Amino acid sequence: MKALPKLLSKTRMMKGYRCTKALYLNIQNPELEAPITEAQQALFDQGNRIGEEARKRFPGGKLVDNDPWDYIGSLKKTRNYIDGGAHVIYEAAFEHNGCYARADVLVFSPTTKRWTMFEVKSSTKVKPEHLDDVGLQAWIIANAGVSLEKIYVMHLNADCRYPDLSNLFKKVDVTDKLRVKYPGIAPKVTEIFSTLKSGQV
């Protein structure tokens, strides 16, 4: 059995949320993963474009532009931006207990000395799986030492009409919903890692 990677991305952890066996096979036998289709790649590209558009709503930020697989470099650059007094950070990276996540947008409040997280989704509403996804992300970030004040999901506004993109996004405050879910995140993470280490899937 292969050793677990030092860090598992939020994307991989969410696979474990849905099915621990799928995550186990992804780690132990990555060659079994189906190749990315053109349709899937188009969705990824669309998500990247939407993320870039979302950043325009928070001008003047610092981008953590390391390659997606450069976990250590991304963590270091994020820490440097925070220590350097950045108030807006795009794609900020954090890790805790073997879990790794990046926040689409983090905004610091000099008044409260806390951060607000905005996670961008390419859907037209907040879906239940978004709460699991953003909840895990917030758990990683908070345990990495970043104090979160508010957490928002930014999704596409179905009423937006091109070429006027001024109302492209709707911001939904999910802070209270995530407070309800928060106590269950650590046990779920522990369960996933215990299962992966035991190989009993």
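**Exercise 1.** Which residues form one aromatic cluster with Phe58?

Solution. The model is a predicted one. In it, Phe118 and Tyr152 join Phe58 in one aromatic cluster.

**Exercise 2.** Classify the ring pair of Phe58 and Phe118 as stacked, tilted or edge-to-face.

Solution. Step one: the ring centres lie 4.6 Å apart, and rings pair if their centres are within 6.5 Å. Step two: the planes stand at 45 degrees, so the pair is tilted. Step three: Phe58 lies in the loop between helix H3 and strand S2, and Phe118 in strand S5, so the pair ties together parts that are 60 residues apart in sequence. Both Phe58 and Phe118 are buried.

**Exercise 3.** Do the same for Tyr71 and Tyr100, then state how exposed each residue is.

Solution. Step one: the centres are 4.0 Å apart and the planes are at 15 degrees, so this pair is stacked. Step two: Tyr71 belongs to helix H4 and Tyr100 to strand S4, 29 residues apart. Step three: buried means under 20% relative accessible area. Tyr71 has 21% and is therefore partly exposed, while Tyr100 has 4% and counts as buried.

**Exercise 4.** Describe the surroundings of strand S5 (residues 114–121).

Solution. Step one: S5 pairs with strand S4 in the antiparallel sense over five bridges, and Thr116 is the bridge partner of Val107. Step two: S5 runs parallel to strand S6, joined by seven bridges; here Met117 has Ile151 as its bridge partner. Step three: from S5 the chain passes through helix H5 to S6 in a right-handed β-α-β crossover. Step four: seven of the eight residues of S5 are buried, so the strand is largely enclosed by the rest of the structure.

Conventions. Residues are numbered from 1 along each chain as its sequence is written. This is a predicted model: local features need pLDDT of at least 70, side-chain atom pairs count only at pLDDT 80 or more; totals for chains, interfaces and linings use all residues. Side-chain values use heavy atoms; hydrogens and water are left out. Buried means under 20% relative accessible area, exposed over 50%, partly exposed in between (1.4 Å probe, protein chains only). Helices (H or I, at least four residues) and strands (E, at least two) are DSSP runs, numbered from the N terminus. Two strands pair if DSSP finds at least two bridges between them. A crossover is right-handed if, with the strands pointing away from the viewer, the path from the first strand over the helix to the second runs clockwise. Rings of Phe, Tyr and Trp (its six-membered ring) pair if their centres lie within 6.5 Å; planes under 30 degrees apart count as stacked, over 60 as edge-to-face and the rest as tilted.
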